[in-house]
Amino acid sequence: MKCPACANMDTKVIDSRVVEDGLGIRRRRSCEYCQQRFTTYEKVAVTDLIVIKRDGAKQMYDRDKLKRALVVAFGKNNFSLERIDEIISKLENKRSGSGKQIESKTIGEDVLDMLRDEDDIAYVRFASVFMEFETKKDFKEFLR
Ligand SMILES: [Zn+2]
């Protein structure tokens, strides 16, 4: 790993820590040349996952998009970005072995499964945003 300060290639790992319930590793590194210290972050990659939307359209899985939806669901006060990252990493890890394509509905259901134990308000908000209820009737039925 190249040193961000001096571009020297000889850097050593001085500390490794498992984060996000074992789904990521954070490494503290030190440059052997200039002693600059920096952090790298390693996690399971699911960048090539294809999401199939309800209308059949396909698009690349977008972690940031899912993250934004969760931030909205948790509202302004009641969340930590670390917790949201943890939730998403768990979901990615669960699905990364299940093939190259996934329905957006499945992702939504995964998130709802996790939010159910986490936060009632976020659960309902996420349901209304992500599941794209077409009529108020759907939503009322869901709430029941
Ligand atoms: Zn350096």
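## Strands, helices and core of a predicted model

Strand 2 and strand 3 are antiparallel partners, joined by seven bridges. This is a predicted model. One bridge pair links the two strands directly: Arg-29 has Phe-38 in strand 3 as its partner. The hairpin of strand 2 and strand 3 has five residues between the strands. Within this hairpin, Gln-35 adopts a positive phi near 70 degrees.

Strand 2 also pairs with strand 1 (residues 11–19). That pairing is antiparallel too, and it runs over eight bridges. Here Thr-11 has Cys-31 in strand 2 as its bridge partner.

The antiparallel pairings and their bridge counts are listed below.

| Strands | Sense | Bridges |
|---|---|---|
| Strand 1 and strand 2 | antiparallel | eight bridges |
| Strand 2 and strand 3 | antiparallel | seven bridges |
| Strand 4 and strand 5 | antiparallel | three bridges |

Next comes the sheet that holds strand 4. Three strands form this open sheet, in the order 5-4-6, with mixed pairing. Its edges are strand 5 (58–60) and strand 6 (101–103), each of which pairs on one side only. On average, neighbouring strands of the sheet are turned by 30 degrees against each other, direction ignored. Strand 4 covers residues 50–52 and is joined to strand 5 by three bridges. In one of the bridges, Val-51 is matched with Gln-59 of strand 5. Helix 3 (residues 104–118) packs on the sheet and touches strand 4 and strand 6. The direction of helix 3 makes about 70 degrees with that of strand 6.

Which residues of the largest nonpolar core touch the most other members? They are Leu-70, Ala-73, Val-111, Leu-115, Ala-122 and Phe-126, out of 13 residues in that core. Four helices each supply at least two residues of this core: helix 1 (63–74), helix 2 (81–96), helix 3 and helix 4 (120–130).

Helix 2 allows a simple length check. How far apart are its end C-alpha atoms? They are 22 Å apart. At 1.5 Å a residue, the 16 residues of helix 2 should span 22 Å, so the two values agree. The expected span is 1.5 Å times one less than the number of residues.

Several residues of helix 2 are buried: Ile-87, Ile-88, Ser-89 and Glu-92. The cover over these buried residues includes strand 2 (24–31), strand 3 (37–43), helix 1 and helix 3. Strand 2 and strand 3, the hairpin partners described at the start, are thus part of what covers helix 2's buried residues.

Note on methods: Residues are numbered from 1 along each chain as its sequence is written. This is a predicted model: local features need pLDDT of at least 70, side-chain atom pairs count only at pLDDT 80 or more; totals for chains, interfaces and linings use all residues. Two strands pair if DSSP finds at least two bridges between them. Axes are lines fitted to C-alpha atoms, for helices over the stretch in contact, and angles run from 0 to 180 degrees between N-to-C directions. Two residues are in contact if their C-beta atoms, placed from the backbone, lie within 7 Å. A nonpolar core is a set of buried Ala, Val, Leu, Ile, Met, Phe, Trp, Tyr and Cys residues joined through C-beta atoms within 7 Å. A residue is buried if 20 or more other C-beta atoms lie within 10 Å of its own, exposed if 12 or fewer, and partly exposed in between; C-beta atoms are placed from the backbone.
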